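Morning, everyone. Please put the model up on the screen, and I'll walk you through it.

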Amino acid sequence: MSPLLSAERRSLDASIERAGFYPTLLADVVHDALDGREPLSHLIHLETHFERTEVHRHITVLVLTDDMLVITHVDDQQLDEDGEQMMAQVSTESVPVTQIRSVVLGYMYSQPQDYKPSDQARELTLAIAWSGGQRLDMGPAGCADPQCEADHGYTGTIAQEDIVLRVSAEADGVQAVQNAKAFARALRKVNTDTVNMRSFDSAADRQRMPGIGSRFNRGHHQR
């Protein structure tokens with residue numbers, strides 16, 4: 001491996017190799033999607049599920065750069081009963097960091113009554129929203145009276161999310177949960193720094209053109 005590669009680039013390549021999910025294909029797709037950008041942090045999530053006699057796997061790779069969140073997703077599909085003929089479906093999406101609306105982290109801890117600061121979360125859910133897409137979860141509403149049979153209509157929650165990853169210590173390992181937390185922190189920092197910089201630039205523009213602001217202000221007070 002070239003010594004000119006950054007530590008994060010080497011870490012990304014090593015993580016792809018460890019995941020073992022078509023690593024050569026996945027590495028080529030991820031680096032093509034990066035389009036020469038240098039990675040700052042990454043998160044890889046591999047899932048396997050069974051459908052009758054078939055095994056389906058899919059992997060999601062999130063790579064953060066200083067201005068983009070690059071998302072690569074690969075599914076495989078078995079085309080014959082013996083599994084000799086396989087097909088991989090690949091999708092990539094590049095989201096400007098400035099478009100990210102929210103980064104939500106959900107934690108689950110076992111035995112919270114015995115919690116200590118050194119305890120690690122057993123599960124972490126990372127939800128990232130950028131397009132304004134929403135998920136609506138509905139269910140019958142109720143009341144505090146267990147004997148009540150009245151119809152209370154429906155209640156629900158609306159969550160903004162474009163991608164959701166669930167990482168658990170049992171299925172993915174304790175280190176995977178920590179990696180997800182570290183990636184979320186890096187993403188929040190880049191997103192926050194970008195928003196702050198845009199606010200600073202806007203304030204500087206207003207200071208450079210005080211006459212425009214003053215005229216608008218005076219016009220507003222004269223009404």
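Start at tyrosine 109. This is a predicted model, so keep that in mind. Is tyrosine 109 buried or exposed? Neither fully: tyrosine 109 is partly exposed, because its relative accessible area is 35%, between the 20% and 50% cut-offs. Tyrosine 115 is partly exposed too, at 44%.

Now look at the two rings together. A pair of aromatic rings is described by the distance of the centres and the angle of the planes. A search of the whole structure gives three aromatic pairs. In one of them, the rings of tyrosine 109 and tyrosine 115 have centres 5.5 Å apart. Their planes meet at 85 degrees, so this pair is edge-to-face; the cut-off for that is over 60. Add Tyr107, and ring pairs join Tyr107, Tyr109 and Tyr115 into a cluster.

Next, a charge and a ring. Arginine 57 sits over the face of tyrosine 22, 5.6 Å from the ring centre.

Move to alanine 176. Where is it? Alanine 176 is in helix 4, which covers residues 174-208. Alanine 176 is buried, because its relative accessible area of 18% falls under 20%. Its C-alpha atom is 8.6 Å from that of histidine 45, although 131 residues separate the two along the chain.

Finally, the whole chain. There are five helices and nine strands. From the N terminus, two helices come before the nine strands, and three helices follow. Of the 223 residues, 29% are buried. The accessible surface is about 14,800 Å², and carbon and sulfur atoms account for 49% of that.

Note on methods:
Residues numbered from 1 in each chain as written. Predicted model: local features only at pLDDT ≥ 70, side-chain atom pairs only at ≥ 80, totals over all residues. Heavy atoms only, no water. Phe/Tyr/Trp six-rings, centres within 6.5 Å; stacked < 30°, edge-to-face > 60°. Buried < 20%, exposed > 50% of the residue type's maximum accessible area, 1.4 Å probe, protein only. Lys NZ or Arg CZ within 6 Å of the ring centre and 35° of its normal. Helix = DSSP H or I, 4+ residues; strand = E, 2+ residues; numbered from the N terminus. Areas by Shrake-Rupley, 256 points an atom, 1.4 Å probe, with all protein chains shown as cover.
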